Amino acid sequence: MHTNHHILDFLKNRELNELYATIALRSLALAMIVIFIPIYLLQLGYSLTSVFVFYLVLNISRMFFMVVAAKVSSKFGFKHSMFYHVPFMIIFYALLYGLEDYGHLIQLWIPAVFLSIGSSLFWMGYHLDFAKVSHKKSRGSEIGFSKIFSSLFHAAGPLIGGLILYFFSFKILFIVVSFLLFFSIIPLFFSKDLHQPINISLKTIFNKKRLKSAVSHMGFGIESSVAIVIWPIFIFFSILNKNYIELGLVSSFGLVFSLIATVIIGKFSDS
């Protein structure tokens, strides 16, 4: 009953609900494509080294664009920052769409930069908006609820993406994902945007007190990179005999078990 009471409290927060809806739809969209991108690049003839460089450019440039995204969020509003990420994501998928026919004209680092800008704009706006509209005393539970809610949609993504690739093509998948990303932002503007000045100092970013958190976050980033780059390549080419549906199914099952583990660990942490 206590958990149900918390959930009902969350659902009464309109602005928090908008974030839940947005992150759920966005999680579904990205989960449909993210594990298939390195496979797509390899099948176009790019080397494994080129694929790794693509993700290296993505992660390095993101460090710079996060600072820019903070400025954008401060000036135009948190929700507008999330909205501005959509055109960059659509351009990213359009560039991937064009690699098959115009790969000789498109350097692989270019779509990586557009993805980096889009990702930075969304996550900076999302975290700032979440911090503003969530309740300080129950923020941990609200973050957990957001994670569980988005994970439910995220778990379905790889299987849906695999089915689209099996029956259609990567180009159709790029189009579907782009539309979902656009629609994911609509719930945000059912209420007013928030503007809050943000003072950014490199001294506070590289503060010694944040060093442990930074190292931990780097470890998480490495683990995530392995999960979305190395793992799907290995599974797809070495074990599943290049079957998109099976890769999507395996990934979806893995995400379901991850969700169950998250719930169980959350209950232990509360104790």
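## Thr-22 and its surroundings

Thr-22 sits in helix α2, which spans residues 14–31. The model is a predicted one. Thr-22 has a relative accessible area of 0%, so the residue is buried, the cut-off being under 20%. Beyond its neighbours within four places in sequence, Thr-22 is in contact with Phe-122, Ser-184, Ile-185, Pro-187 and Leu-188.

Tyr-20 is also found in helix α2. Its relative accessibility is 3%, so Tyr-20 counts as buried. Tyr-20 and Phe-145 are 125 residues apart along the chain. Their C-alpha atoms are separated by 8.7 Å.

## Phe-122 and Tyr-126

Phe-122, a contact of Thr-22, belongs to helix α6 (residues 109–133). Tyr-126 lies in helix α6 too, four residues from Phe-122, or about one turn of the helix. How are the rings of Phe-122 and Tyr-126 arranged: stacked or edge-to-face? The ring centres are 5.8 Å apart and the planes meet at 15°. Planes under 30 degrees apart count as stacked, so the pair of Phe-122 and Tyr-126 is stacked.

Both residues are buried. Phe-122 has a relative accessible area of 0%. For Tyr-126 the value is 7%. Phe-122 also has a charged partner: Arg-26 lies over the face of its ring, at 4.0 Å from the ring centre.

## Aromatic pairs

The aromatic pairs number 22. One of them joins Tyr-40 and Phe-174. This pair is edge-to-face, with 5.2 Å centre to centre and 85° between the planes. The two residues come from distant parts of the chain, 134 residues apart. Tyr-40 is in helix α3 (residues 37–43), and Phe-174 is in helix α8 (residues 170–185). Tyr-40 and Phe-174 are both buried.

Tyr-40 and Phe-174 also belong to a cluster linked by ring pairs. Its other members are Phe-36, Phe-54, Tyr-55, Phe-92, Tyr-93, Phe-170, Phe-236, Phe-237 and Tyr-244. A second charge sits over an aromatic face at Tyr-97, where Lys-171 lies at 4.9 Å from the ring centre.

## Nonpolar cores

In soluble globular proteins, nonpolar side chains tend to be buried together. Here the largest nonpolar core holds 40 residues. Which members touch the most other members of this core? They are Ile-33, Leu-41, Tyr-93, Leu-96, Phe-170, Val-177 and Leu-247. Helix α5 (residues 78–102) gives the most to this core, with six residues.

Phe-170 appears in both the ring cluster and the largest core. Leaving out residues up to four places away in sequence, Phe-170 touches Ile-33, Phe-36, Tyr-40, Gln-43, Leu-165 and Tyr-244. A second core is separate and has 13 residues. Among them are Leu-19, Phe-122, Phe-145 and Ile-185. Phe-122 and Ile-185 are also contacts of Thr-22.

## Confidence

The protein chain averages a pLDDT of 82, and 78% of the residues score at least 70. Among the elements, α8 has the highest mean pLDDT, at 94. Helix α1 (residues 2–12) has the lowest, at 49.

Where does pLDDT stay under 50? It does so over residues 1–6. For this stretch the model has zero contacts beyond four places in sequence. Where pLDDT is low, the predicted coordinates should not be read in detail.

Notes:
Residues numbered from 1 in each chain as written. Predicted model: local features only at pLDDT ≥ 70, side-chain atom pairs only at ≥ 80, totals over all residues. Heavy atoms only, no water. Phe/Tyr/Trp six-rings, centres within 6.5 Å; stacked < 30°, edge-to-face > 60°. Buried < 20%, exposed > 50% of the residue type's maximum accessible area, 1.4 Å probe, protein only. Lys NZ or Arg CZ within 6 Å of the ring centre and 35° of its normal. Contact = heavy atoms within 4.5 Å. Core = buried A, V, L, I, M, F, W, Y, C linked by side-chain atoms within 4.5 Å. pLDDT = per-residue confidence, 0-100.
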